Amino acid sequence: MPDERIEKAAIAVFAAQTNWADLNPSEEQIQALWDGQMDAVRDSFRRLAKAALDSQEDQPADLDWENAEPKDLDSRTVKAVTKDGTIVRGRTVAIHGSIDQFIIEGILQPLLMRLPGEHWRLASGWKSLVFYDKTKEQ
């Protein structure tokens, strides 16, 4: 039997994606239709639910990144949003030079920039940034 929270989330996803005759089906109606599904169908919803729940386990880090040292920002998992609304998740990579920079692995556009003696700031084209406690390898 799958984890109870995965099962509950899978049923919620299933109910949300079902085209119900009644706009507000009862819990009994939802459970009856769920129970009548083939195992493969239920398993596909469980996989979706597990992926969604797993993505929520990384909690934002309590990190003052504007004043952080480069070693504290390197190889960290981040979620960044571009000014046009594109969400990018990945790991930071330091680029050292006359201007310190960080990119997200695989994306050449700078994410963070810092002139010597100044604070980190978002580079042009980025709207927001969140650092997470866990790295991708964990």
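In this predicted model, Arg 91 has a relative accessibility of 15% and therefore counts as buried, since the cut-off for that class is under 20%. Arg 91 lies in strand E2, which covers residues 87-95. The side chain of Arg 91 makes a polar contact with the side chain of Glu 105, at 2.6 Å.

Strand E2 is followed through a hairpin of 4 residues that joins E2 to E3. The two strands, E2 and E3, run antiparallel and are joined by 4 bridges. Within this pairing, the residue that stands opposite Thr 92 is Ile 104 in E3.

Strand E3 comprises residues 100-104. Of its 5 residues, 5 are buried, so strand E3 is largely enclosed by the rest of the structure. The side on which each residue lies was also assigned: Asp 100, Phe 102 and Ile 104 point one way from E3, whereas Gln 101 and Ile 103 point the other way. Residues pointing either way from E3 are buried, including the polar-named positions Asp 100 and Gln 101 as well as Phe 102, Ile 103 and Ile 104.

Strand E3 also pairs with strand E4, which spans residues 112-114. This pairing is antiparallel and is made over 3 bridges. Here Asp 100 of E3 stands opposite Arg 114 in E4. Strand E3 thus has antiparallel pairings with E2 and with E4.

Definitions and conventions:
Residues numbered from 1 in each chain as written. Predicted model: local features only at pLDDT ≥ 70, side-chain atom pairs only at ≥ 80, totals over all residues. Heavy atoms only, no water. Buried < 20%, exposed > 50% of the residue type's maximum accessible area, 1.4 Å probe, protein only. Polar contact = N/O pair within 3.5 Å; in protein donor to acceptor, adjacent residues only side chain to side chain. Pairing = 2+ DSSP bridges.
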